[in-house]
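Open the structure in your viewer and follow along. Each stop gives you something to select and tells you what is there.

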Amino acid sequence: MPRFALALALTALLAVASLFVGVGEVTPRALLWPAPGQDALQLLLVSRIPRTLSIVLAGAALGVAGLVMQLLARNRFVEPSTAGTAEAASLGLLAAMVLTPEMPILGKMLLASGFALAGTALFLGLLRRIPLRSVLVVPLMGLMLGAVIDSVTTFLAYRFDMLQSVNAWTAGDFSGVLEGRYELLWVALLLTLAAYAVADRLTLAGMGEAFTTNLGVNHARILALGLGIVAMVTAAVVVTVGMIPFLGLVVPNLVSMFMGDHARRSIPWIAVAGAAFLLACDLLGRLLLYPYEIPVGTVAGVIGAALFLHLLFRRDARLA
Amino acid sequence: MRGWPDVPRASPRAVLLALGLVAALCIALFMTLGVQGSWAFVLPFRAGKVATMLLVACAIAVSTVLFQTATGNRILTPAIMGFDSLYVLIQTCLVFFMGSAAMAAADRRLTFAGETAAMVLFSALLHWVLFSTARRSLHMLVLAGVVLGVLFRSLAAFLQRVIDPNEFAFLQDRFFASFNNPHGGLLMVSALAMLGAALLGLRAMRSWDVLALGRETAIGLGVAHRREVTRIMAIVAVLVSVSTALVGPVTFLGLLVANLAYAVMPSFRHVHVLPAAILLAVISLVGGQMLLERVFAFDTNLRVIIDFLGGLTFIALLLRGRVR
Amino acid sequence: MIEALGVTCRYGATVVVDDVTLRLPAGGITSIIGPNGAGKSSLLSVISRLLPAASGRVLVDGMDVAVTPGDVLARRLSSLRQDNHLPARLTVRDLVAFGRYPHSKGRPTAADRPHVERAISYLGLEAQADRFLDELSGGQRQRAFIAMVLCQDTDYVLLDEPLNNLDMRHAVAIMRLLRRAATELGKTIVLVLHDLNFASCHSDRIVAMREGRVVMQGPPEAIMRPEALREIFDIEASVHEIGGDRIAVFYR
């Protein structure tokens, strides 16, 4: 599959570029012949590599989580931040900060995952109980649920004087990533691989309960599995780098335009495209106002939106 | 399919009357509850707040319902499509290019007029792009809308990063949703702008009922679809400018009151739905502000209360099948 | 008379209606048939000014539909599209009453009421008149939309697949109703039909399209022939005359 190899190569190129862009000077030359007093290698190991890895991991995982969400809810407009998942994870993180500030980060992540799982399960449970469900009601319900959860978070954060920290998590930003503070994202990678392993069953779940049951597959079990993946990915990302909204919506939808909706075929593409997209956005964020940084969430919003609209309209003109 | 053929339906007038009474009660309570000290001071002060809230309620409710009529859906609102982010973006651009000193010195009414004009222009462009390319599919429109909203928000956030902190403080001051410091001159201008929009709209009310049937049916019934949609977009642009200038973005209020109005109102006619949405918005804003001031003693903000209570109400309605 | 003069219509680069010139005299039922993607619905949409033509003109009684004011045309010509979804929550009677909009501008007068009730009873919807559309079955909803179009009471009625979702009884009832409207009230009715035999039994004229062009037109006898059907649809059909109607059999 030469096209996929090309995409991989492009992503790798972006990742390498990401290693060498920043305020501190890290160049191949500085690495090979370090000048006295400058420790480029140290900077590379402690900051640049962790940052690049975390971007790749988060981008791939969020894209795939978006797809899984869309399959489970059987709706194109759903992603962790339009289904209450991200908001619930934030609430869980707030609870962890307030109740047990000393808890290690893995514990916080697990608590946030628990909340995310509960929030997403609530979302899907509510969906099942809507008597007349139209395509657009689904994201509407998610937005509303998210708003309710978010208002609880804001209310509590205000009470405990933590509003500023809450705002800091909600804006995704990789500038604070250092060695020892991003490793949780490897969990997200494992989950992404797990999603790939059950890709066929997820595709089936996307066709509905009747369809799945007809083929002798346990629908409830796939649902639970998918839910678990989405909740834990979201929690891992929110806890380590904050939420990057929109990626889970744009990347799977874009890939679906070219690849269709068979999860086994699209998951690798979504993972690579998600990583490349986030890498490019983060690079731009670092370069545009050099030496200052623009948070990746902002850049991703602008670029993702423009790209998405362009493709949307071009496709519409071609097919309709 | 399930339905409620046996439930007797209240008349639209009775529903409006009930909503009106609740709204009046809210306003009366808001004006009189917990007054300490001089009534002569408190009453005009609170009346100013109420006037602001009434204007904002009208602007948000009407702009949302009309926008949904024009786009033929009940999910998109000007706020979700990024109209209020667009307003924030325009303001940010002004501060970015002119500096906050010039902005602060300029007459607030004049800058408001300029911003509104820019809004109308932009929304015309937006409308042209959206409806000429994506009108064949509502899904496309929704996706495009959500994306545009993110685009405007991100661009504004980007510019706000670039400008210096003092100017940013100036901007933030303008966008903080609050009814505590109504600006007298702006209130007058807004009221005038609303009046203009109302005059533009009143005559078209009945053709909007037809518009709600969708483009093809509306054209088949002889409504000049393009002209009416353009008219609506102009009105929406003005109204969004009004509400955003007065209190900043209030994202979910429009979606909430519009859908609540469709749910409680047994009629689809704009003559009935529009007042119902306005009254619901008044109840939400005044009631929410009252909760904020009396129960939470300003210990939180209005958006939190509206999002929480409104969101729960909305989900309950969804579950009962009243919203679709 | 409806005249399409050199009408071309395209989506992006795809030409869906290719330089069609067609004259439909006033009166009678015309059915447009053809395989999927032949451009039938697009042609109908252009005639009813829902879709702008890339080139060419459409005249209805000499009025160019592209420039005639919408409300003038709406009193002369009504149209119904294939799939009708409503975001608004309306009762059947509300919807049908909208058919009077071009005449009363949304202020229904006493004169409009009988029109509404008559249209409802024509389509046998009396029992559902006060139900909401989204509580009805697909067929009932389809009849409600047809009732609205009939209530518009225009000389020209264009219907895109009006028999969609209908059971046999209602399909026949609607075709009979249209027949009566054409014969007794002198209306001109243009239909896009998928069911060949319905078209054969009820039409005065059949227009066959394929790949954006009109390939054949004439009375049912001229179209309902094995050679013609082979050319239009690429099917082998035998045509039998039963009770004075030509019936094509192509099921095996």
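The tour goes from a whole chain to one helix and then to two single residues. Keep in mind that this is a predicted model.

**Stop 1: chain C.** Select chain C and colour by secondary structure. You should find 10 helices and 12 strands. Turn the chain around: its C-alpha atoms fill a box of roughly 55 × 40 × 35 Å along the principal axes. A compact globule of 252 residues would have a radius of gyration near 18 Å, and chain C agrees because its value is 18 Å.

**Stop 2: its surface and contacts.** Show the surface of chain C. About 10900 Å² is exposed, and carbon and sulfur atoms supply 50% of that. Of the 252 residues, 53% count as buried. Among contacts with a separation of 6 or more, 64% join residues 24 or more positions apart. Now colour by charge: chain C has 30 positive and 30 negative side chains. The centres of the two sets lie 3 Å apart.

**Stop 3: a helix in chain A.** Select residues 105-129 of chain A, helix α5. At 1.5 Å a residue, its 25 residues should span 36 Å, and the end C-alpha atoms are 36 Å apart, so the two agree. Its buried residues include Met109(A), Phe123(A) and Leu127(A).

**Stop 4: two aspartates in chain C.** Most residues other than glycine have a negative phi. Asp61(C) has a positive phi of about 50 degrees. Look for Asp61(C) in the loop between β4 and β5. Is Asp234(C) buried or exposed? Asp234(C) is exposed, at 54% relative accessible area. Its phi is also positive, near 60 degrees. Find Asp234(C) in the loop between α10 and β11.

Notes. Residues are numbered from 1 along each chain as its sequence is written. Chains are lettered from A and ligands numbered from 1 in the order in which they are written. This is a predicted model: local features need pLDDT of at least 70, side-chain atom pairs count only at pLDDT 80 or more; totals for chains, interfaces and linings use all residues. Side-chain values use heavy atoms; hydrogens and water are left out. Helices (H or I, at least four residues) and strands (E, at least two) are DSSP runs, numbered from the N terminus. The radius of gyration is taken over C-alpha atoms; the globule rule is 2.2 Å times the number of residues to the power 0.38. Buried means under 20% relative accessible area, exposed over 50%, partly exposed in between (1.4 Å probe, protein chains only). Contact means heavy atoms within 4.5 Å. Accessible areas come from the Shrake-Rupley method with a 1.4 Å probe; for residues, only the protein chains shown count as cover. Lys and Arg count as positive and Asp and Glu as negative; His and the chain ends are not counted. The place of a charge is taken as NZ of Lys, CZ of Arg, CG of Asp or CD of Glu. The expected span of a helix is 1.5 Å times one less than its number of residues.
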